[in-house]
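Thanks for coming. I have one sheet to go through today, strand by strand. Have a look at the model first.

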Amino acid sequence: MSAIAAAWFAVAFFLVPGFLIAWVAGMRGGEALWAALPVTFGVIGMGGWLWGLTSARFTLWTYGVSLAMALGLAAAWRYAFARRARSRGAAGWREALFPGGFRARLADASWVLPTAGMAVGAWMGANNRLQWQLRVPHGTWNIVQGWDVQWHANAVRFIMETGVASATRMGELQNPETHAASLYPVGYHAGIALFAEAAGLEPIPALNIAQAVLPALALPISMGCLVLAFMRSRGLTAQIGAGLAAVGIYAAPQFLWISDYVGMWPFLFAMAMTGIVVWLFLSVPGRHAAALPAALGFLGVLTVHPSSATVVVLAVALSWLTSTLVRPERGRLADTLWLAVPALGASLAFLPQLLAGSEQAEEVSGWQAAENAENTDGWHSTFFMDTRHVAEFFPDFDPTILLWLAGFGALALILWRGQVWPALFYAVSVCVAANAVTPVGGTWGDLLSAVGNLHYNTQHRLILPVVMCVYAAAAIAVAVMLRAILLAPVAARKDSAVGRRITAGASVVVALGVGAWAVPAVRDAATAGAQHAYFGSRDGGRMVTEEDLAAFNWLGSQPAAYEGYTMGDPADGHSWIYAYNGVPTLTRHYLGPVGYPGAKFSILADASDFLGEGVRGEASASNIADEAARDLDVRFYLVSPGPFWAFQRPHLELERGLWLTRGVTPVYRKGDTVIFAVNSAFSADELKELQRDAVRHGSDDFTELSAPASAG
């Protein structure tokens with residue numbers, strides 16, 4: 001399957017299941033399409049965890065069972081509402097199941113303009129990212145030169161190989177020796193593993209293609225939904241604003257481009273879905289059938305990256321307090337209960353995973369971020385959205401006009417629509433992001449930090465809801481001005497049906513013209529910086545060089561590499577070989593396995609120069625390093641200096657010590673990348689054959705070295 005075909009397949013693979021569930025549950029077609037992504041990932045994330053409680057593998061087959069169960073639940077949900085409608089006098093089951101009938105639903109075109117903007121915005125982001133992906137070194141097989149993505153790729157490989165897609169079982173991936181408990185949200189990774197299985201792709205191409213598609217698809221939909229939620233309306237002004245926001249967000253450096261560059265891929269995707277879930281929740285009081293999709297969508301956000309749930313909770317809470325209680329749909333108590341039902345249901349469903357990760361939550365909250373040292377004014381940098389890497393990749397980014405428009409949009413929301421909560425949501429988000437750089441202190445500062453801590457205390461993560469608010473409010477401002485210029489308020493005030501139709505038609509035409517102008521305008525404003533950032537993380541060999549890839553391919557061709565483990569420095573990128581070739585490594589994460597003091601992994605890392613060196617008074621005896629290699633069945637060491645970050649110390653026991661110890665034999669070397677075979681795992685003849693085969697594949701020639709005496 002070509003990359004382009006795989007990308008289109010990914011769109012269908014991730015949208016269709018959620019669409020069907022939301023539609024069967026009772027949402028209208030356009031709304032169900034908007035809700036699809038988080039609903040799909042809610043089923044994937046929870047399905048991966050639930051199947052992880054059993055001995056069954058999470059594959060397309062078990063995912064299909066999960067989908068069938070979700071569709072059955074949605075059908076029962078729809079039936080319950082239809083039965084209630086029948087008891088209240090609905091003419092028949094058709095009317096009960098489809099209130100208003102098919103004709104009324106088809107006549108409702110309020111979804112067309114927002115969906116058009118969402119489609120254009122998604123195409124802009126996905127098409128550019130995919131085209132650039134095909135131009136980077138090795139195309140879809142490109143290895144991103146960032147240490148976060150190393151873990152993401154290895155997680156996809158692990159799920160594909162083992163069928164374990166439970167967030168509470170990631171210790172089996174990170175800690176092969178001890179299986180020490182580790183919780184990591186893998187809804188994103190599980191979805192990509194399923195996509196890879198369905199499309200017949202290897203982990204790295206599947207990850208690269210999905211990453212080109214998923215955020216680019218989710219973010220425009222989320223922005224359109226956020227505008228509708230902000231305005232608490234589906235009128236023409238809201239529709240125009242939703243379409244414009246979906247297109248305009250492409251130009252935001254902080255979202256699609258810098259978040260991708262720094263490798264926070266699951267967080268980016270989860271944040272890109274938050275606007276959809278906020279809109280779903282706020283739709284529930286008016287359309288109770290949306291409660292089930294809202295709960296599943298919230299689970300989708302939680303299982304992809306739980307910290308993004310703070311955005312949903314804050315937005316919905318502020319809206320309930322300042323909008324729902326002030327102007328309820330069906331009564332304050334009823335609306336409050338219906339808002340609480342999906343939130344409570346999703347929270348209870350996710351609670352076991354939350355409790356399993358409570359200790360790691362403390363580690364996240366204690367993370368000390370190394371932000372730009374020159375950024376000493378968190379308030380200024382947050383207000384102007386000048387966070388990490390923005391000036392580096394987008395030196396011409398000037399949000400002045402955008403901020404003025406957003407201010408006007410906020411005023412329109414407050415004075416015209418009576419919606420105060422978007423401004424409050426923006427203000428709180430600004431305070432949380434600024435506090436990460438310039439701590440406020442006191443009780444207020446503690447509250448802000450409590451939220452920020454869940455986002456690793458990093459301003460470039462916390463800025464994302466600020467960016468969403470600004471671009472949504474600016475789009476609303478443009479829509480309001482467009483409608484005002486075309487005299488829509490005058491027609492409404494005179495209650496003229498003809499006037500309303502004329503202004504509505506003119507508004508649609510002008511809005512389409514503005515959109516047609518906006519598409520090349522936002523692309524011109526952002527493409528140079530976006531391309532710089534995109535290529536910046538995918539070229540240069542900071543983590544994996546061409547010599548590393550040659551070594552990966554050679555070791556991946558050796559059957560012995562799959563019979564045991566390969567060892568190396570967690571920080572040097574060597575464990576990309578697990579995602580790249582499937583060669584089992586003892587490290588799959590850049591921080592290395594978690595283990596107790598004296599764990600065999602620690603011995604093999606820090607005392608590797610003792611391999612084959614015997615013990616005092618008995619040179620041929622096995623020592624703790626030899627025993628650790630035997631017990632863990634380590635066959636090779638792959639050394640690829642140096643570490644990723646400048647503050648990480650070089651692992652000299654591996655880089656230098658392995659050349660001196662008698663327990664290993666160099667069998668492959670290309671540039672700075674060296675592969676050593678553990679002597680006790682091979683005979684002398686096998687070691688010589690490894691060396692000869694390596695030479696045939698471009699390695700330095702080690703065949704003149706004498707056979708090691710300690711070979712097995």
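This is a predicted model. I'll start at one end of the sheet, where E1 and strand E2, residues 634–639, run parallel and are joined by 3 bridges. Within that pairing, Thr-566 has Phe-636 in E2 as its bridge partner.

Now the sheet as a whole. It is open, it has 4 strands in the order E1-E2-E4-E3, and the pairing is mixed. At the edges are strand E1, 565–567, and strand E3, 664–670, each of which pairs on one side only. On average, neighbouring strands are turned by 25° against each other, direction ignored.

Next, the antiparallel part. E2 pairs with E4 in the antiparallel sense over 4 bridges, and here Phe-636 stands opposite Ala-677 in E4. E3 and E4 are also antiparallel, over 6 bridges. Tyr-668 has Ile-675 in E4 as its bridge partner. E3 and E4 make a hairpin with 2 residues between them, and Gly-671 in that turn has a positive phi of about 65°.

So which strand has 6 of its 6 residues buried? That is E4, and it is therefore largely enclosed by the rest of the structure. In a regular strand, side chains alternate between the two faces of the sheet. In E4, Thr-673, Ile-675 and Ala-677 are buried on one side, and Val-674, Phe-676 and Val-678 are buried on the other, which leaves both faces covered.

Last, the helix. Helix H32, residues 684–696, lies across E2, E3 and strand E4, 673–678, and runs at about 5° to E3.

That's what I have. Questions are welcome.

Technical notes: Residues are numbered from 1 along each chain as its sequence is written. This is a predicted model: local features need pLDDT of at least 70, side-chain atom pairs count only at pLDDT 80 or more; totals for chains, interfaces and linings use all residues. Side-chain values use heavy atoms; hydrogens and water are left out. Two strands pair if DSSP finds at least two bridges between them. Axes are lines fitted to C-alpha atoms, for helices over the stretch in contact, and angles run from 0 to 180 degrees between N-to-C directions. Contact means heavy atoms within 4.5 Å. Buried means under 20% relative accessible area, exposed over 50%, partly exposed in between (1.4 Å probe, protein chains only).
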